[in-house]
Number of protein chains: 2
Amino acid sequence: MSQSKREIKTIAVIGTGVIGASWTALFLARGLKVLVTDPAPNAETNLNTYLEAQWPTMGQTGLSEGASLSNYTFVSSLDGYFNQIDFIQENGPERVEFKRTLFAHLDEKLPSDVIIASSSSGIPSSQYASACQKHPERVLVGHPFNPPHLIPLVEVVPHPGTDRETVVPRAIEFYKSIGKKPALIEKETPGFVVNRLQAAVLMEAYSLVSRGVISAADLDTAMTSSLGLRWALNGPFLLNALAGGGSFQHFIEHLGPALKSWHDDMQKHTFKMSEQDIQDLSKSVEPMFQQADLETIQRERDDALSRIIDMKDRSSSLH
Amino acid sequence: MSQSKREIKTIAVIGTGVIGASWTALFLARGLKVLVTDPAPNAETNLNTYLEAQWPTMGQTGLSEGASLSNYTFVSSLDGYFNQIDFIQENGPERVEFKRTLFAHLDEKLPSDVIIASSSSGIPSSQYASACQKHPERVLVGHPFNPPHLIPLVEVVPHPGTDRETVVPRAIEFYKSIGKKPALIEKETPGFVVNRLQAAVLMEAYSLVSRGVISAADLDTAMTSSLGLRWALNGPFLLNALAGGGSFQHFIEHLGPALKSWHDDMQKHTFKMSEQDIQDLSKSVEPMFQQADLETIQRERDDALSRIIDMKDRSSSLH
């Protein structure tokens, strides 16, 4: 790829499901122009409804100069627009063949310095970059977390052939410029990083509840009243260093054996995920939510999320 | 134990290290009287210094009626005070023999309806309740998280002989009354619950960084910008149900196989915690903290923690 200084002003969003629609809201709020496409029936109407509903929330978190809800154009195809596009955020179906065909076409048509990022967490980009004949080195994953317009993280995951000199730093820079927190995943790993960390917790949570050690409700309380609060503000390594009086090494030398012994015990009791395990666990967990007002929970959660993120942005040391 | 309606007004805090001192600050802020004892040299002076420094922070989070910094008495021994004590919070050294001798003595001297709770996470109470000749059924663990005056969770862990009818509910009720979030751990399990969940994340984090998948700094960013934010507000089971459109079962039936496949991959790459592993990992992590201003980080973190907890307390659905 040429050492492009292409300014990123117009994004093409492919696919307007939950993730693509949320990206669109974020790009618009950051003052970008967006070309949107999705072949699903009613996609344009649904996106419009979503954006109208979401816009006041975007306003609360602060709109960038030039931000406007009218800065997007829904097009039936990107063909004919390739010269207007500075960056692609793809959110299509999680099917390898679909992505291979799509990426090969995008690669053929787009100027060489346009980065093509996929939101996919399920399929590493090596599996479809290999279909690109011209510039597979501008393909990577930019995996957001739901909802992308609120949760700051983007996992930036190059494939082995992605250009590390230009493409990776430009993608990271772009995501930072719109207020995201990019984390670079150096190697394609199943689940990348965050889904693995989440799975580590969930598998042990399922095991503990299945074994009658704790109720699902009390496990949720335990998380939201301790680890969750800490991890919202300080990452695991920083917390280790703080617990070690400023030294990670001091922490792991002293606490490592205990961590390992608990982990060994967990491995003895791994949740097997059999049909029967799933049925039994569901039977004990499901009643928790029968009276729950999920709409209120989500609204209050999203509001609290915005305020915590704002609080962190204004601090000198939290990030 | 008799069906006591003993009102809990005076707490005895045994041991004034970090945990015991923090418990003392919290009890005082909640308007309780505290008898404190610790045989260490300078323990009384150190506690006094700590409490004076901490009191303004306690004031920010709101003092209960009657709260006063002068409501504690440092005593060289609890002997002679046993009739004044309504609840014991023990924070002594993590040595079984020490605890067995201490708990046997407390059990012999204290009225039968005084609950004896240990802050210990390392030694389950079955190992020292068995030394109590009179009322082992009033012994349990009340394990806080550092610092207890800020982090709400208390893991309430009965041993097999703890009275479930009276003692467990009274301990839970007491911790709730001082603003804590108790979670009941039904069975003594290595690490209880939260240290296991934490170990699950840490062991995978150590593995990922050791394998060069992600830097420690980016792993911290990933956590604080996604999972941590979510888990501060909603527990893992509620989040599963939300992702499943209100149904946990729907979630686990669809996502369970992916979770299991990531977990299987993690088990293939478990961090071994050998001397060499620890040295190598420390070498890559330690530079992260060489420029860090840990005092500022902790102060801003504690301030943000208080504000998040206050925000949650004022919401109708977050807890």
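Student: Where does B:Ala304 lie?
Tutor: B:Ala304 sits in helix α12 of chain B. Helices here are DSSP runs of H or I with at least four residues, strands are E runs of at least two, and both are numbered from the N terminus. The model is predicted: local features need pLDDT of at least 70, side-chain atom pairs count only at pLDDT 80 or more, and totals for chains, interfaces and linings use all residues. Residues are numbered from 1 along each chain as its sequence is written, chains are lettered from A and ligands numbered from 1 in the order written, and side-chain values use heavy atoms, without hydrogens and water.

Student: Is B:Ala304 buried or exposed?
Tutor: B:Ala304 is buried, with a relative accessible area of 3%. Buried means under 20% relative accessible area, exposed over 50%, and partly exposed in between, using a 1.4 Å probe and protein chains only.

Student: Which residues does B:Ala304 touch, leaving out those up to four places away in sequence?
Tutor: B:Ala304 touches A:Leu233, A:Met311 and A:Leu318. A contact is heavy atoms within 4.5 Å.

Student: And how far is B:Ala304 from B:His143 in space?
Tutor: B:Ala304 and B:His143 are 23 Å apart, C-alpha to C-alpha, with their positions 161 residues apart in sequence.

Student: Moving to B:Thr224. Which helix holds it?
Tutor: B:Thr224 is in helix α7 of chain B, residues 216–224. B:Thr224 is buried, at 1% relative accessible area.

Student: What does the B:Thr224 side chain reach?
Tutor: The side chain of B:Thr224 reaches the backbone oxygen of B:Thr221 at 3.3 Å. That is a polar contact: a pair of N or O atoms within 3.5 Å; within protein, one must be able to donate a hydrogen and the other to accept it, and residues adjacent in sequence count only if both atoms are side-chain atoms.

Student: Which residues is B:Thr224 in contact with, beyond four places in sequence?
Tutor: The list for B:Thr224 includes A:Trp231, A:Leu233, A:Lys312 and A:His319 from chain A, and B:Leu229 from chain B.

Student: How are the two chains related?
Tutor: A turn of 180° with a shift of 0.0 Å along the axis lays chain A on chain B, with an RMSD of 0.0 Å. That is the relation of a two-fold axis. The same surface serves both copies, as 100% of the contact residues of chain A recur in chain B. The superposition is by least squares on C-alpha atoms of residues with pLDDT of at least 70 in both copies.

Student: Now α9 of chain A. How many of its residues are buried?
Tutor: Seven of the eight residues in α9 of chain A, residues 236–243, are buried. Among them are A:Pro236, A:Phe237, A:Leu238 and A:Leu242.

Student: What do they pack against?
Tutor: In chain A, the buried residues of α9(A) pack against α8 (227–233) and α10 (248–268). In chain B, they pack against α6 (194–210), α7, α11 (275–285) and α12 (294–313).

Student: What comes just after α9(A)?
Tutor: A:Gly245, with a positive phi of about 65°.

Student: Which UniProt feature covers residues 191–260 of chain A?
Tutor: The unreviewed UniProt entry gives "domain: 3-hydroxyacyl-CoA dehydrogenase C-terminal" there. Residues 191–260 of chain A are 77% helix and 0% strand. UniProt also places "domain: 3-hydroxyacyl-CoA dehydrogenase NAD binding" (unreviewed entry) at residues 10–187 of chain A. Residues 10–187 of chain A are 33% helix and 21% strand. UniProt positions are in the numbering used here, feature names are shortened, and annotations may be inferred rather than shown by experiment.

Student: Where does UniProt list a "transmembrane region" in chain A?
Tutor: At residues 12–32 of chain A, again in an unreviewed entry. In the model, residues 12–32 of chain A are 57% helix and 14% strand, and their end C-alpha atoms lie 10 Å apart.

Student: How many helices and strands are there in chain A?
Tutor: Chain A has twelve helices and eight strands. Of its 319 residues, 59% count as buried.

Student: What radius of gyration does chain A have?
Tutor: Chain A has 22 Å, which agrees with the value near 20 Å for a compact globule of 319 residues. The radius is taken over C-alpha atoms, and the globule rule is 2.2 Å times the number of residues to the power 0.38.
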